[in-house]
Amino acid sequence: MRTHLQRVLLALTLALSTALTVVATSPPASADECYSWGRTLSQGASGSDVAELQVRVAGWAGYGVNMAIDGSFGPQTTTAVRNFQAAYGLSADGVAGPATYAQIYALQDADCSPAHFDFSEVDHGCGVVGYSGGSVDAATVKENLKRVMWRAEALRHRLGDQPLQVTSGFRSKACDASVGGTGSGQHTYGTAMDLTGVGGSPSLCTIAQQARYEGFGGIFGPGYPGHDTHVHVDIRSGQVWSASGCGI
């Protein structure tokens, strides 16, 4: 029979072993203030943490795939995670675990924007700062902008991490109308941005052609009226692409 001391020592040993196992298998804590995942996610999982993952990998779902952010980890999400992992030199198994989260954390700023795009680049145009006056409420506008920026981050990485300049993001209805828009287009929902290369590189056609792989439902570039100086990308449902000067 174990003595009382032996039982205490055994309990301490088991507790320490359990703690070490948890530390070894749990996803690492985020280094920023945005969002941290608390479990490994794979096909069949569902929940708000899946939706947060989808926001960050939607740009990797494949050619012409505008992946829904629905909190359901299905085949498209598996493909997107696998492509994201491969793009950043990780083991591409389509399962989001500690290594995948660590890479996302490295790309994720405290305000949930990706490393190479910022809310200050995509907030209210026409000289006004903010998210009001659009076709949806300000909170929805900001969430939409976050989703667009993460797909733009994927686009930037696909282009060899060449910097991309945002020339327009969210516009109020009045702002959109004042610059020749309809007053109710994608920019008024926060679902669109206009992009150029820095110093002309990458070219507008290169941006437009590559954007087809990054989950953008709308792409308008050279050859489409009013779009010879930038490429418009948006995350509308469905697919409307037009850049005849680029063969799209």
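Let's go straight to where helix α2 meets helix α6: on the α2 side we have E52, V55 and R56, and facing them in α6 are E143, K146, R147 and W150. Sort the residues of that contact by character and you get 2 nonpolar, no polar and 5 charged. Keep in mind, please, that what we're looking at is a predicted model.

How do the two helices sit relative to one another? Helix α2 covers residues 48-57 and α6 covers residues 138-158, and they pack at an angle of about 50°, with axes 7 Å apart. That angle falls outside the ranges for roughly parallel, roughly perpendicular and roughly antiparallel, so α2 and α6 count as oblique to each other.

Let's stay with α6 for a moment, and look at H157, which is found in this helix. Is H157 buried or exposed? With a relative accessible area of 18%, H157 is buried, since the cut-off for that is under 20%. Leaving aside neighbours within four places in sequence, the contacts of H157 are W60, A87 and Y88.

Another helix that comes into this neighbourhood is α4, residues 98-107. Its buried residues are T100, Y101, Q103, I104, Y105 and L107. What do they pack against? The answer is α2, α3 (75-87) and, once again, α6.

Now, on to the sheet. It is an open sheet of 5 strands, and if you walk across it the order is β1-β2-β4-β3-β5, with mixed pairing. At the edges you find β1 and β5 (240-242), each of which pairs on one side only. From one strand to the next, the twist averages 25°. And here α6 comes back: it packs on the sheet, where it touches β1 and β2, and its direction makes about 25° with that of β2.

Let me take the pairings one at a time. Strand β1, residues 164-168, pairs with β2 in the antiparallel sense, over 4 bridges. If you'd like a landmark, S168 has D194 of β2 as its bridge partner. On the next step, β2 is joined to β4 (residues 231-234) by 4 bridges, and these strands run antiparallel too. There, L195 stands opposite V231. Further over, β3, residues 218-220, pairs with β5 over 3 bridges, and this time the sense is parallel. The landmark here is I219, whose bridge partner in β5 is W241.

Strand β2 deserves a slide to itself. Why do we call it largely enclosed by the rest of the structure? Because 6 of the 6 residues of β2, residues 192-197, are buried. You can see this on both faces: A192, D194 and T196 are buried on one side, and M193, L195 and G197 are buried on the other.

Just ahead of that strand, have a look at T188, in the loop between α7 (173-178) and β2. This threonine is buried, with a relative accessible area of 0%. Its side chain makes a polar contact with the side chain of S135, at 2.7 Å. Once neighbours within four places in sequence are set aside, T188 still has a list of contacts, including G134, V136, V141, F170, R171 and D176.

Finally, some backbone features to look at on the screen. Most residues other than glycine have a negative phi, and most peptide bonds are trans. With that in mind, which peptide bond is cis? The one joining S201 and P202, where omega is about 0°. You'll find P202 in the loop between β2 and α8 (204-211).

Then there are two positive phi values. C112 is not a glycine, yet its phi is about 80°. C112 lies in the loop between α4 and α5 (119-122), and it is buried, with a relative accessible area of 15%. The other is D161, with phi near 60°. This aspartate lies in the loop between α6 and β1. In contrast to buried C112, D161 is partly exposed, at a relative accessible area of 35%.

So, if you open the model yourselves, you could start from α6, which packs against α2 and also on the sheet. Thanks, everyone, and I'm happy to take questions.

Methods
Residues numbered from 1 in each chain as written. Predicted model: local features only at pLDDT ≥ 70, side-chain atom pairs only at ≥ 80, totals over all residues. Heavy atoms only, no water. Buried < 20%, exposed > 50% of the residue type's maximum accessible area, 1.4 Å probe, protein only. Pairing = 2+ DSSP bridges. Polar contact = N/O pair within 3.5 Å; in protein donor to acceptor, adjacent residues only side chain to side chain. Contact = heavy atoms within 4.5 Å. Axes fitted to C-alpha atoms, helices over the stretch in contact; angles between N-to-C directions. Parallel < 35°, antiparallel > 145°, perpendicular 65-115°, else oblique. Nonpolar A, V, L, I, M, F, W, Y, C, P; charged D, E, K, R; others polar.
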